[in-house]
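Here are some notes for a colleague who has not seen this structure before. Please read them with the model open.

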Amino acid sequence: MKRIFKGACLMGIAWASLLATAQAGEVDWAALNPAFAKAAYVKDKEACASCHADSIEAYKKTVHGRTFQHGPKGVLQARDCEACHGPRSQHVAAPDASLEFSTEQYSTVCLQCHQDGGRMYWQSSQHKTAEVGCVSCHTLMKKKSDKALLAKDKEPTVCYSCHTTVRGQMQKASHHPVKEGKMLCSDCHNVHGSVGKSMLKGATVNETCFKCHQEKRGPFIWEHPVVRENCANCHDAHGSNNPDLLNAKGSFLCMQCHSYGGHINLPRYNRTSNPYGQGCVNCHITQHGSNHPSGAKFTR
Ligand code: HEC
Ligand code: HEC
Ligand code: HEC
Ligand code: HEC
Ligand code: HEC
Ligand code: HEC
Ligand code: HEC
Ligand code: HEC
Ligand code: HEC
Ligand code: HEC
C-alpha cells in the first residue's frame, strides 16, 4: 500500500516538472510576438489592477474570470489573464500596446483550450478561411450575452453584422422562427466548421432537417427521389415569400421538372393558386413520399 502511494507521488512529480516546461497545446508566444521570448509570467492579476481595474471588474463576471479565479484546472487556466495575453513581466515594467494580437493570433490563443468538440473542423471552416476569428463573434472581457460570450446580446445580431442577405431572407413571409427567438442560426449551422457544406450541423442538408422534421425521413414505400436528394430542391431554409418556405409558387414548383406531370394541359391540373390550395399538391398530397400501397403517384 505504502509503495503504491510513493509510486503515485513520484509520478505526480514527474508530471509536474513536465508541465512546467511544455504544456500540451500551448501556444508558442514568441512566434506570435518575439518580445514574449524574454518575458516571464506575472501570475497575479493584482499586478494588472493598478492600471486595468475597469477591465478586470467586467472580466470577473465572465465565465473565464469565474472559472480561472475559483479552482482553475491545470497550469494554463492558473495563468488567468496571461492564458490569453501571454507572459507579461515586461509589459508591467514598460506598458504599451505593442503586444496586441491580431484576430487570427487570438484564434491560435483560444485553441490552446478549445480545440475540442465543436471546433474539430475549425481549420477548414469557411470562417477561418475568410479570416474571421474567434474574436469576430466572441467578446472576452465583458459578459454581453446570456451564454457563449457573444459580441452582441443575441446570436442572430452577431451574424447579421456580416450576413445582411440572410437577415433579409429571415424577414420574408414564410421563415423559420429565428426572429421570434424560437430558433437560432446555430440550430442548423456549426459556425466553427463542419464536415457538411455551408457549415451545416448534419453531414447533408437533409440530415440537418431531419433533426426536427423526423417524419420526412422515411424510408417510404414510394420515394420522391427529389426529396431524398435534397430538401433545398424545393425549400429555402431561411425564408421565402411563398408559403411553406417553397422556392417557387404553386404548380410552378413542380413544373420545373414535370411538364404538366404527364397530365394533359387542363386548368384543373396546372392552376397555380385556387381556393383549395396549391395546385399539384391538392391531389399529390404526399409529395414527400408515401407509405400507402397505392401511393406511387403520391396521391395518397
Ligand atoms: C479568455 C481570454 C482572455 C482572458 C483570460 C483575459 N483576456 Fe483580456 N482580452 C482578451 C481579448 C480577446 C481582448 C480583445 C477585446 C475583446 O475581445 O474583448 C482582450 C482585451 C483586453 C484589454 C484591452 C481593453 C479591453 O478591456 O478590451 C485589456 C486591458 C485586457 N484584455 C486585460 C486583461 C486582464 C487584466 C485580464 C485578467 C484579469 C484579462 N485581460 C484576461 C482575452 C482575454
Ligand atoms: C503600469 C500600468 C500597467 C500595468 C501594471 C499593466 N498594464 Fe496593460 N496596459 C497598460 C497600458 C498603458 C496599455 C496600452 C493602452 C493603450 O495604448 O490603449 C496596456 C495595454 C494592455 C493590453 C491591450 C494591448 C495588448 O498588449 O494586448 C492588455 C491585454 C494588457 N495591457 C494586459 C495587461 C495585463 C494582463 C497586466 C498584468 C499582468 C497588465 N496589462 C498590467 C498599462 C499597464
Ligand atoms: C486557459 C484555457 C482557456 C483559454 C486560453 C480560453 N478559454 Fe474559453 N473557456 C475555458 C474554460 C475552462 C471555460 C469554461 C467552460 C468549459 O469548461 O468549457 C471556457 C468557456 C468559454 C466559452 C463558453 C462560455 C459559456 O457561456 O458557455 C466561450 C465562448 C469561450 N470560452 C471562448 C474563448 C475564446 C474566444 C478564447 C480566446 C480569446 C478562449 N475562450 C480562451 C478555457 C479557456
Ligand atoms: C461566426 C461566429 C463565431 C466564430 C468565428 C467563433 N464562434 Fe464560438 N460560438 C459562436 C456561437 C454563435 C456560439 C453559440 C452557439 C453554439 O454553441 O454553436 C459559440 C459557442 C462557442 C463555445 C461554447 C460552446 C461550445 O461549443 O463549447 C466555445 C467554447 C466557443 N464558441 C469557442 C470559439 C473559439 C475558440 C473560436 C475560434 C477558434 C470561435 N468560438 C469562433 C460563434 C462563433
Ligand atoms: C465578421 C463577419 C462575420 C460574422 C460575424 C459571421 N460571419 Fe459567417 N461568414 C463570414 C464570411 C466572410 C464568410 C465566407 C464568405 C461567404 O461565404 O460569405 C462566412 C461564411 C459563412 C457560412 C458558409 C457560407 C457558405 O457559402 O458556405 C455560414 C453558414 C455562415 N457564415 C454563418 C454564420 C453565422 C450563423 C454567424 C453568426 C453566428 C456568422 N456566420 C457570423 C463572415 C462572418
Ligand atoms: C433551418 C435551418 C437553418 C437555419 C435556422 C439557418 N440556416 Fe443558414 N443555411 C441553411 C441551409 C440548408 C443552407 C444552404 C445549404 C446549401 O444548399 O448549400 C444555408 C446556407 C447559409 C449560408 C450560405 C449562403 C446562402 O445563403 O446560401 C449562410 C451565410 C447562412 N446559411 C447563414 C445563416 C444565418 C446567419 C442564420 C441565422 C440568422 C442561418 N443561416 C439560419 C439552413 C439554415
Ligand atoms: C432545430 C429544429 C429545426 C430544424 C433543424 C429545421 N426546422 Fe423546419 N421548422 C422548425 C420549426 C420550429 C418550424 C415552425 C413550425 C411552426 O411554426 O409551427 C419549422 C417550419 C418548417 C417549414 C414550414 C414553414 C411554414 O411556413 O410553415 C418547412 C417547409 C421547414 N421547416 C423545412 C425545413 C427544412 C427544409 C429544414 C432543413 C434545411 C428544416 N426545416 C430544419 C424547426 C426546424
Ligand atoms: C418536391 C418538392 C419538395 C421537396 C424536395 C421537399 N418538400 Fe417539403 N413541402 C413541399 C410542398 C409543396 C409543401 C407544401 C405542402 C402543402 O401545402 O400541402 C411542403 C411542406 C413542407 C413542410 C410543412 C408542412 C408539413 O408537411 O409538415 C415541411 C416541414 C417540409 N415540407 C419539410 C421538408 C423536408 C424536411 C424536406 C427534405 C427531406 C422536404 N420538405 C423536401 C415540397 C417539397
Ligand atoms: C427537381 C425536380 C423535381 C421537382 C421540383 C418535382 N419532382 Fe416529382 N419527380 C422528380 C423525379 C426525378 C421523379 C422520379 C421520376 C421517375 O421515377 O421516373 C419524380 C416523380 C414524381 C411522381 C411520380 C411519377 C411517376 O411516374 O411515378 C409524381 C406524382 C411527382 N413526381 C409529383 C411531383 C409534384 C406534385 C411536385 C411538386 C410538389 C414535384 N413532383 C416536384 C423530380 C421532381
Ligand atoms: C385534380 C387532381 C390532380 C392535380 C391537380 C394534379 N394531378 Fe398529377 N395525377 C393525378 C392523378 C389522379 C394521377 C394518376 C394516378 C395514377 O395513375 O395512379 C396523376 C399522375 C401524375 C403523374 C404521374 C404521371 C404518369 O405518367 O404516371 C405526375 C408526374 C403528376 N401527376 C404530376 C402532377 C403535376 C406536376 C401537377 C401540377 C401541375 C399535377 N400532377 C396536378 C391527379 C392530379
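1. Thr208 has a relative accessibility of 10%. The cut-off for buried is under 20%, so Thr208 counts as buried. This, like everything below, is computed from a predicted model.

2. Where does Thr208 sit? Thr208 is found in helix 13, which covers residues 205-210. The side chain of Thr208 reaches back to the backbone oxygen of Thr204, at 2.9 Å. Leaving aside residues up to four places away in sequence, Thr208 touches Cys188, Leu200, Lys201 and Gly202.

3. Turning to the ligands, which residues lie closest to ligand 4? A set of 17 residues surrounds ligand 4, and the closest are Arg119, Cys134, Cys137, His138 and His192.

4. Three of these names return in the polar contacts of ligand 4. Arg119 places a polar side-chain atom 2.9 Å from an oxygen atom of the ligand. The two histidines are paired with nitrogen instead: an N or O atom in the side chain of His138 is 2.8 Å from a nitrogen atom of ligand 4, and an N or O atom in the side chain of His192 is also 2.8 Å from a nitrogen atom of ligand 4.

5. As for secondary structure, helix 8 (103-114) and helix 10 (134-137) each give at least two residues to the shell around ligand 4. The largest share, three residues, comes from helix 8. Sorted by class, the shell around ligand 4 holds nine nonpolar, six polar and two charged residues.

6. Ligand 9 has 13 residues around it, of which His224, Cys254, Cys257, His258 and Lys297 come nearest. Which atoms of ligand 9 do His224, His258 and Lys297 approach? A polar side-chain atom of His224 lies 2.8 Å from a nitrogen atom of ligand 9. For His258, an N or O atom of the side chain is 2.8 Å from a nitrogen atom of the ligand. Lys297 is paired with oxygen: an N or O atom in the Lys297 side chain is 3.0 Å from an oxygen atom of ligand 9.

7. How many residues of each class make up the shell around ligand 9? There are nine nonpolar, three polar and one charged. Helix 14 (225-229) and helix 15 (250-255) each supply at least two residues of this shell.

Definitions and conventions. Residues are numbered from 1 along each chain as its sequence is written. Chains are lettered from A and ligands numbered from 1 in the order in which they are written. This is a predicted model: local features need pLDDT of at least 70, side-chain atom pairs count only at pLDDT 80 or more; totals for chains, interfaces and linings use all residues. Side-chain values use heavy atoms; hydrogens and water are left out. A residue is near a molecule or strand if one of its heavy atoms lies within 4 Å of it. A polar contact is a pair of N or O atoms within 3.5 Å; within protein, one must be able to donate a hydrogen and the other to accept it, and residues adjacent in sequence count only if both atoms are side-chain atoms. Helices (H or I, at least four residues) and strands (E, at least two) are DSSP runs, numbered from the N terminus. Ala, Val, Leu, Ile, Met, Phe, Trp, Tyr, Cys and Pro count as nonpolar, Asp, Glu, Lys and Arg as charged, and the others, Gly among them, as polar. Buried means under 20% relative accessible area, exposed over 50%, partly exposed in between (1.4 Å probe, protein chains only). Contact means heavy atoms within 4.5 Å.
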